[in-house]
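Colleague: I would like to go through this model and ask what stands behind the words used for it. Please show it first.

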Amino acid sequence: MNKTVHEFECRDDIWKRVEALAKRRGVTTDEIVQAALIQLFTRKKSAASSSPSQEAKTPAPGPAPKGPPPPKGPPPSRPAGGPPLPSGGATRSPGLPRPGGGGRLPPPGGRAPSAPHGAASSPPPPAPAPAPAPAGQNRPLYLFFEGNWYTVDKDEFVIGRGSKFSDLPIKDANISRRHCAVVRRNGEYLIKDLGSTNGVEFAGQRVDNHPVEEGNVYYLCDHELRFSYNPPY
């Protein structure tokens with residue numbers, strides 16, 4: 001197939017991900033871009049074709065069915081020492097919902113609490129809702145270094161010269177044994193200098209406890225560390 005060279009605008013970090021993915025899978029960057037376009041248009045086409053059929057299958061809500069009218073006459077007598085009978089004289093097991101709603105089923109795997117002798121039974125109180133997790137608590141961070149992506153998903157990700165003490169070892173005499181660390185605090189990430197000799201540079205300045213934001217690039221001597229919150233694959 002003939003090829004014609006075309007130019008298009010693309011962010012540097014996105015193109016680096018395309019190159020890294022092509023290198024990892026042993027294909028060309030053209031094949032990666034072509035596969036992404038095919039998947040994008042196929043997904044849009046299937047979503048557009050499925051929307052009308054789903055709307056046609058959804059039945060319109062009808063009026064709620066009416067229950068039988070309440071029986072006429074005096075209310076049933078209450079048995080001595082027992083719970084009151086519901087309207088209509090029918091008995092009801094504790095924990096089961098009343099006809100027409102208003103009751104509550106027993107919790108899954110458990111039993112409905114029995115009412116004391118001589119007292120009316122009542123449904124168990126609802127369980128308290130779990131507290132919501134802080135925003136970004138489990139958000140991973142991705143690090144691009146020398147053509148490879150690394151996932152930072154722990155409280156302290158150490159970068160240094162010694163492989164025994166580091167999550168990302170860099171074989172360079174100018175890098176300290178424990179040079180720096182990417183620290184997670186309350187769902188956010190900071191890059192912290194661990195007392196290194198040559199420090200951590202960002203935008204030409206030495207930094208410490210610096211917030212890691214999307215696309216930030218740091219330097220350890222001549223080594224570039226690029227960070228992103230978008231999954232590279």
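Modeller: One term is needed at the start: a residue is called buried if its relative accessible area is under 20%, exposed if over 50%, and partly exposed in between. The model is a predicted one. In helix α1, the residues that count as buried are Asp13, Arg17, Val18, Ala20, Leu21 and Ala22.

Colleague: How many residues does helix α1 have, and what span is expected for it?

Modeller: Helix α1 covers residues 12-25, which is 14 residues. The expected span is 1.5 Å times one less than the number of residues. For α1 that gives 20 Å, and the model reaches 20 Å from the first C-alpha to the last. Just after the helix, Gly26 has a positive phi of about 75 degrees.

Colleague: What are the elements in the whole protein?

Modeller: The protein has two helices and 11 strands. Along the chain from the N terminus, the order is α-α-β-β-β-β-β-β-β-β-β-β-β. Of its 233 residues, 24% count as buried.

Colleague: Why is Leu40 called partly exposed?

Modeller: Leu40 has a relative accessibility of 38%. Partly exposed lies between the limits of 20% and 50%, so Leu40 counts as partly exposed. Leu40 belongs to helix α2, residues 29-57. With Val33, Leu37 and Phe41, Leu40 forms a nonpolar surface patch that has about 350 Å² of accessible area together.

Colleague: What makes β5 and β6 a pair?

Modeller: Two strands pair if at least two bridges are found between them. Strand β5 (residues 180-185) and strand β6 (residues 188-193) are joined by six bridges and run antiparallel. Val182 stands opposite Ile191 of β6. The two strands form a hairpin with two residues between them, and Asn186 in the turn has a positive phi of about 55 degrees.

Colleague: How many bridges join β6 and β9?

Modeller: Two bridges, in the antiparallel sense, join β6 to β9 (residues 210-211). The requirement is at least two, and β6 and β9 therefore pair. His210 in β9 is the bridge partner of Ile191.

Colleague: Why do β4 and β9 stand at the edges of the sheet?

Modeller: The sheet is open, has five strands in the order β4-β3-β5-β6-β9, and its pairing is mixed. β4 (168-169) and β9 each have a single partner strand, so one side of each is left without a neighbour in the sheet.

Colleague: How do you know that Tyr189 and Tyr229 form an aromatic pair, and what makes it tilted?

Modeller: Ring centres must lie within 6.5 Å, and planes that are neither under 30 nor over 60 degrees apart count as tilted. The structure holds four aromatic pairs. In the pair of Tyr189 and Tyr229, the centres are 6.3 Å apart and the planes are at 50 degrees, which makes it tilted. Tyr189 is in β6 and Tyr229 in the segment after β11 (223-228), 40 residues apart. Both rings belong to buried residues: Tyr189 has a relative accessible area of 1%, and Tyr229 has 14%.

Colleague: Why is the pair of Phe202 and Tyr218 called tilted?

Modeller: The ring centres of Phe202 and Tyr218 are 5.0 Å apart and the planes are at 35 degrees, so the pair is tilted. Phe202 lies in β7 (residues 200-202) and Tyr218 in β10 (residues 217-220), so the pair ties together parts 16 residues apart in sequence. Phe202 is partly exposed at 22%, whereas Tyr218 is buried at 0%. Phe202, Tyr218 and Phe227 form one aromatic cluster.

Colleague: What makes Arg184 and Asp153 a salt bridge?

Modeller: A side-chain nitrogen of Lys or Arg has to be within 4 Å of a carboxyl oxygen of Asp or Glu. The closest N and O atoms of Arg184 and Asp153 are 2.9 Å apart, and the two form a salt bridge. Arg184 is in strand β5 and Asp153 in the loop between β2 (148-152) and β3 (156-160), 31 residues apart. Arg184 is buried at 18%, while Asp153 is partly exposed at 43%. Asp153, Asp155 and Arg184 are linked in a network of salt bridges.

Colleague: Which side chains meet in a salt bridge at 3.5 Å?

Modeller: Those of Asp193 and Arg206, N to O. Asp193 lies in β6 and Arg206 in β8 (residues 205-207), so the pair ties together parts 13 residues apart in sequence. Asp193 counts as buried, at 12% relative accessibility.

Technical notes: Residues are numbered from 1 along each chain as its sequence is written. This is a predicted model: local features need pLDDT of at least 70, side-chain atom pairs count only at pLDDT 80 or more; totals for chains, interfaces and linings use all residues. Side-chain values use heavy atoms; hydrogens and water are left out. Helices (H or I, at least four residues) and strands (E, at least two) are DSSP runs, numbered from the N terminus. Buried means under 20% relative accessible area, exposed over 50%, partly exposed in between (1.4 Å probe, protein chains only). Patches are made of residues with over 30% relative accessible area and no salt bridge: like charges are joined within 9 Å, nonpolar side chains (Val, Leu, Ile, Met, Phe, Trp, Tyr) within 5 Å. Accessible areas come from the Shrake-Rupley method with a 1.4 Å probe; for residues, only the protein chains shown count as cover. Rings of Phe, Tyr and Trp (its six-membered ring) pair if their centres lie within 6.5 Å; planes under 30 degrees apart count as stacked, over 60 as edge-to-face and the rest as tilted.
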